[in-house]
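Let's take a walk through this structure together. Have a look at the picture first, and then we'll go through it piece by piece.

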Amino acid sequence: MKMGTVIALTGRKGGIGKSTITGNLAGEFVAMGWTVRVLDTDPQQSLCKWAKLGNGLLSRVTAAVETAHPAQFQKAVETAREAAHLVLVDTPPAFTDPALLASLLADVVLLPASPSPLDITAAQESLELVQEAQMQRGGQKPIIRFVPSRLMSRTVLSHDLPQTLAALGAPVLPGITQRTVVAEAALVGLTVAEYAKKSTARAEFKALASALLEILDEQ
């Protein structure tokens, strides 16, 4: 994997787990030995607020980034590329300018989607918009992957979500189940990798991070 790979998380709908996945992927990548920077482009600064709740990893690697001026945003991404192996970019709800900018700069775009009909419709719209950005870049980048998110155990919608997303036209990565320990970790400013190292939740984030690294190793 080359230095300075940018992974953006985006989607047309809020509440799909973008910030949760971004922060916890950062925890897993660092645990695997990679250096990481996290850029929070959401005006609500959810990741920055999470980071400030404790003295964990996110407090050291997370920064808010202004996106009103594309040139400044691009400079921030390039600076982060030079400083770390992996740059994770969390974007606001809805496919806004920051999300489009991130898609035009990223090596990989992750599209989280939770198991509801509205979220699946929004995921399809998000996919189409990122594919437009991909076409603008010659069809090679960004690599696009769905991430089943906020899954609930023993429900039909959650069970069927990976297959439903795959039918929309992009590969699907390992999913993330909605678990209390994830919220508990965030409340004290930590990633699950720091807060509950042997938990099932941690195993899911680790599986997602490993799947991403396999994709990047192929590039």
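What follows is a short tour of the sheet and its strands.

Keep in mind that this is a predicted model. Start with the big picture: six strands come together as an open sheet, with parallel pairing and the order 3-2-4-1-5-6. At the edges you'll find strand 3 (62-64) and strand 6 (143-148), each of which pairs on one side only. On average, neighbouring strands in this sheet are turned by 20 degrees against each other, if you ignore direction. Helix 6 (residues 117-136) packs on the sheet, where it touches strand 5 (108-113) and strand 6. The direction of helix 6 makes about 165 degrees with that of strand 6.

Now let's zoom in on strand 4. On one side, strand 1 (residues 5-9) pairs with strand 4 in the parallel sense, over five bridges. One of the matches here is Thr5, whose bridge partner in strand 4 is Leu86. Strand 2 (residues 36-40) also runs parallel to strand 4, and five bridges join the two. There, Leu39 sits opposite Val89 of strand 4.

So how many of the five residues of strand 4 are buried? Five of the five, counting a residue as buried when its relative accessible area is under 20%. That's why strand 4 (residues 86-90) is largely enclosed by the rest of the structure. Leu86, Leu88 and Asp90 point one way, while Val87 and Val89 point the other way, and all are buried.

Finally, follow strand 2 over to strand 3: they pair in the parallel sense through three bridges. Asp40 stands opposite Ala64 in strand 3.

Technical notes:
Residues are numbered from 1 along each chain as its sequence is written. This is a predicted model: local features need pLDDT of at least 70, side-chain atom pairs count only at pLDDT 80 or more; totals for chains, interfaces and linings use all residues. Side-chain values use heavy atoms; hydrogens and water are left out. Buried means under 20% relative accessible area, exposed over 50%, partly exposed in between (1.4 Å probe, protein chains only). Helices (H or I, at least four residues) and strands (E, at least two) are DSSP runs, numbered from the N terminus. Two strands pair if DSSP finds at least two bridges between them. Axes are lines fitted to C-alpha atoms, for helices over the stretch in contact, and angles run from 0 to 180 degrees between N-to-C directions. Contact means heavy atoms within 4.5 Å.
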